[in-house]
Amino acid sequence: MDPTADELIARLRRNPDDGAAYGALRAHYQRLGDYASLVNLLEGFGGRTRDNAAAAQAFFDGAELAWGALGDAARGAAMYERALERHPAHDDAFARLLAIYEQAGDAQRLATIYERRAEGLSAAGGDPRAIAQIHQRLGELWEHTFHRADRAIVHYRKAFELDATLVPAIYAAREIYRQAGNHKAVAALLELEAKAEAEDERKVALLRELAHLRAETLSDPEGAVVALKRALGHAPAQSPANTELLEDLATLYLQRAERQPDPQIAESDRRRATDVLFQLAQKLPPTEAVPLLERALDTTPDHDGALTLLERIAERVGHFEILPGRWVAFLARAPESPLARERRKKLARAYLEAGQVEYAITCLEWVAEEGDPETVEQLVDLYRRMGREDDAMRLVQRAGASLPIPMRVQHLRSAMETAIQRGDEDGAAQLARDILAADAADPEATAYLEDRHRRKGEWQELRDLLYAAGRVPGLSVDARKQRFREVAQICERRLNDADGAVQAWKQVVTLDVADREARGALSRLLEQLERWDDLAQAVERDAVGATDDATKLEAYKRLARIHSEKRNDGAEAALAWRAALDVSRDDPEARDGWIAGLLAANALAQAV
């Protein structure tokens with residue numbers, strides 16, 4: 001024996017896990033072309049190692065040499081089988097065995113190797129789809145080679161349970177059950193096959209077959225309906241198959257409704273039949289669709305889709321007269337439908353065209369309750385046309401904020417005029433207030449309330465009205481001043497509200513700093529209220545805004561005294577005296593007086 005081989009063999013005997021020795025010995029035999037020894041080495045390694053994948057590969061490699069290099073088919077087949085025993089997922093070993101047994105026509109060995117492969121892959125957590133393919137092949141062997149349908153069905157079921165998309169296995173199992181007369185199993189497999197089928201045309205045929213089986217053989221109309229609906233989902237809308245399915249479905253619903261003693265269930269079936277009739281009508285030309293839609297609406301008057309389609313095509317084909325009756329029936333059945341509003345409007349127009357105004361009003365009152373602005377305006381006009389002015393006023397007030405402001409003000413103003421004509425002053429006043437809440441600048445409402453408050457001596461209400469009117473955007477400065485001036489006079493003379501008058505005069509001065517009357521009145525009131533801080537600010541504004549030195553000096557002099565005598569603030573008084581001194585530099589006598597005041601103010605500041 002080769003000394004190198006002896007040494008490596010000795011190492012492996014001492015340590016069977018010596019990978020380096022195994023690899024070297026394998027390469028040695030390969031180099032020498034000693035395939036018999038190499039096969040023995042591979043077989044021995046495969047039997048010793050605990051690594052299943054490595055063992056399987058060693059057995060496979062040995063089998064390849066035994067089969068090819070040594071011509072020992074029996075030993076090769078045995079080693080292929082040992083490879084699969086250690087590692088069932090070894091695809092090459094499995095493929096070799098299949099070829100061997102198929103070539104030999106050994107169906108029994110084929111079945112055995114398939115079963116071992118399936119068991120091994122399952123135990124090893126293999127790909128379910130691959131295992132399913134094996135069971136599919138086993139089912140074919142048991143059915144067509146061994147003629148054992150009972151064994152075949154077991155494998156077919158395992159196949160499609162592992163892979164629900166394996167249509168051939170489902171079909172094969174279904175045919176076995178059909179021949180056995182097991183219709184429930186056939187129905188279950190038809191459904192499963194339809195789910196797995198990728199081609200729509202074939203899927204539709206399977207589902208239609210399932211529907212007929214359920215309806216005619218299994219007395220399961222609900223299951224038949226489900227099957228037909230699923231088939232419709234896969235049949236192109238314009239295909240003959242789609243039309244046939246719809247016809248089947250409508251027929252099934254109507255027949256079931258006629259036999260159903262429970263009125264609620266029967267109504268449900270009638271509504272379903274209407275849905276189908278509506279779908280059929282959509283496929284037909286308008287002239288053919290109208291009678292079909294009428295039949296649908298006779299069955300279910302509140303079917304939105306059927307009525308909408310009938311509305312769209314009725315006038316086009318010269319049958320507009322059929323719509324009002326359909327609208328009445330729809331609204332009687334579905335008064336709260338989302339489409340009820342528009343259909344009430346359409347019905348109201350039909351009544352108006354027929355001269356039936358009161359019926360039109362009844363329709364529109366429902367819509368007006370929902371706050372539809374266009375309907376409110378139309379209904380107000382109809383009320384007035386029929387002399388129902390009180391209803392018109394109530395509707396305008398109730399609709400309120402739902403109307404656009406111009407429309408709301410217009411109707412409120414009309415209602416106010418009516419109230420004035422009737423002598424209803426309180427009602428007119430409330431309407432005027434409603435107008436101003438919508439449009440604060442409305443002159444008519446403002447004028448009416450202003451006159452009413454003056455006549456009734458409602459001075460507080462008049463003050464509030466004028467104050468709000470003075471703040472309306474877009475009013476001219478003169479108009480604003482006039483409003484605030486009146487507010488100030490009312491506060492002081494009528495309400496004994498000096499603070500309110502102060503605020504009003506401040507508004508006037510803000511608008512026009514040169515308004516002497518407003519400035520004088522503001523100063524007088526602030527002094528009267530002993531609000532010295534506010535008075536100091538007002539006098540300082542007078543000084544800054546004065547256009548002649550004499551007025552400016554007098555203002556600063558007054559400001560200095562307010563700071564020193566009323567506010568006890570020598571620093572601010574000193575600032576006022578300095579400002580006066582700056583103005584009177586050219587008047588020595590006056591300057592001496594201002595300097596004296598400044599010195600006194602400084603002394604006060606230091607004392608404080």
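What follows is a walk through some helices, loops and side-chain contacts of this structure. The model is a predicted one.

A good place to start is the nonpolar interior. The largest nonpolar core takes in 176 residues. Leu25, Leu97, Tyr114, Leu293, Leu310 and Trp505 are the members with the most contacts inside this core. In soluble globular proteins, nonpolar side chains tend to be buried together. As for leucine 310, and leaving out residues up to four places away in sequence, the residues it touches are Val290, Leu293, Leu297, Ile322, Leu323 and Arg326. Leu293, then, turns up both as a contact of leucine 310 and on the list of residues with the most contacts in the core.

Two helices can be checked for length. Helix H14 (residues 240-259) is made of 20 residues, and the distance from its first C-alpha to its last is 29 Å, close to the 28 Å expected at 1.5 Å a residue. Helix H24 (residues 425-438) has 14 residues, which at 1.5 Å a residue should span 20 Å; the C-alpha atoms at its ends are indeed 20 Å apart, so the two values agree.

Both helices also have a list of buried residues. In H24 these are Gly427, Ala428, Ala429, Leu431, Ala432, Ile435, Leu436 and Ala438. In H14 the buried set includes several leucines, among them Leu245, Leu246, Leu249, Leu252 and Leu254, along with Asn242, Ala250, Tyr253, Arg256 and Ala257. The cover over the buried residues of H14 includes helix H12 (200-217), helix H13 (221-232), helix H15 (263-282) and helix H16 (286-299). Threonine 251 sits in H14 too, but this residue is partly exposed, with a relative accessible area of 41%. From threonine 251 to aspartate 200, 51 residues away along the chain, the C-alpha separation is 24 Å.

Arginines show up in a few kinds of surroundings. Arginine 174, in helix H10 (residues 167-180), has a relative accessibility of 2% and therefore counts as buried. Beyond its neighbours within four places in sequence, arginine 174 has contacts with Val186, Leu189, Leu190, Glu193, Arg202, Leu206 and Glu209. Arginine 463 belongs to helix H26 (residues 459-470). With a relative accessibility of 18%, arginine 463 falls under the 20% limit and so counts as buried. Its side chain makes a polar contact of 3.1 Å with the side chain of aspartate 464. Past the neighbours within four places in sequence, the contacts of arginine 463 are Val487, Ile490, Cys491, Leu495 and Asp497.

Other arginines are placed over aromatic rings. The charged end of arginine 151 sits over the ring of tryptophan 142, at 4.1 Å from the ring centre. In the case of arginine 343, the charged end sits over the ring of phenylalanine 330, 4.5 Å from the centre.

Aromatic rings also pair with one another, and a search of the whole structure turns up four such pairs. In one of them, the ring centres of phenylalanine 320 and tryptophan 327 are 6.3 Å apart and the planes meet at 75°, so this pair is edge-to-face. What about burial for the two partners? Phenylalanine 320 is partly exposed at 32% relative accessible area, whereas tryptophan 327 is buried at 3%.

That leaves the loops. Alanine 89 lies in the one between helix H5 (73-86) and helix H6 (91-104) and is partly exposed, with a relative accessible area of 32%. Setting aside neighbours within four places in sequence, alanine 89 is in contact with Arg117 and Leu121. Histidine 183 is 94 residues from alanine 89 in sequence, with 38 Å between their C-alpha atoms.

Two further loop residues stand out for their backbone angles. Most residues other than glycine have a negative phi. Serine 219, in the loop between H12 and H13, has a positive phi near 50° without being a glycine. Glutamate 530 is not a glycine either, and its phi is positive at about 60°; this residue is found in the loop between helix H29 (516-528) and helix H30 (532-545). As for accessibility, serine 219 counts as exposed at 63%, and glutamate 530 counts as exposed at 54%.

Methods:
Residues are numbered from 1 along each chain as its sequence is written. This is a predicted model: local features need pLDDT of at least 70, side-chain atom pairs count only at pLDDT 80 or more; totals for chains, interfaces and linings use all residues. Side-chain values use heavy atoms; hydrogens and water are left out. Helices (H or I, at least four residues) and strands (E, at least two) are DSSP runs, numbered from the N terminus. Buried means under 20% relative accessible area, exposed over 50%, partly exposed in between (1.4 Å probe, protein chains only). A polar contact is a pair of N or O atoms within 3.5 Å; within protein, one must be able to donate a hydrogen and the other to accept it, and residues adjacent in sequence count only if both atoms are side-chain atoms. Contact means heavy atoms within 4.5 Å. The expected span of a helix is 1.5 Å times one less than its number of residues. A nonpolar core is a set of buried Ala, Val, Leu, Ile, Met, Phe, Trp, Tyr and Cys residues joined through side-chain atoms within 4.5 Å. Rings of Phe, Tyr and Trp (its six-membered ring) pair if their centres lie within 6.5 Å; planes under 30 degrees apart count as stacked, over 60 as edge-to-face and the rest as tilted. A charge sits over a ring if NZ of Lys or CZ of Arg is within 6 Å of the ring centre and within 35 degrees of the ring normal.
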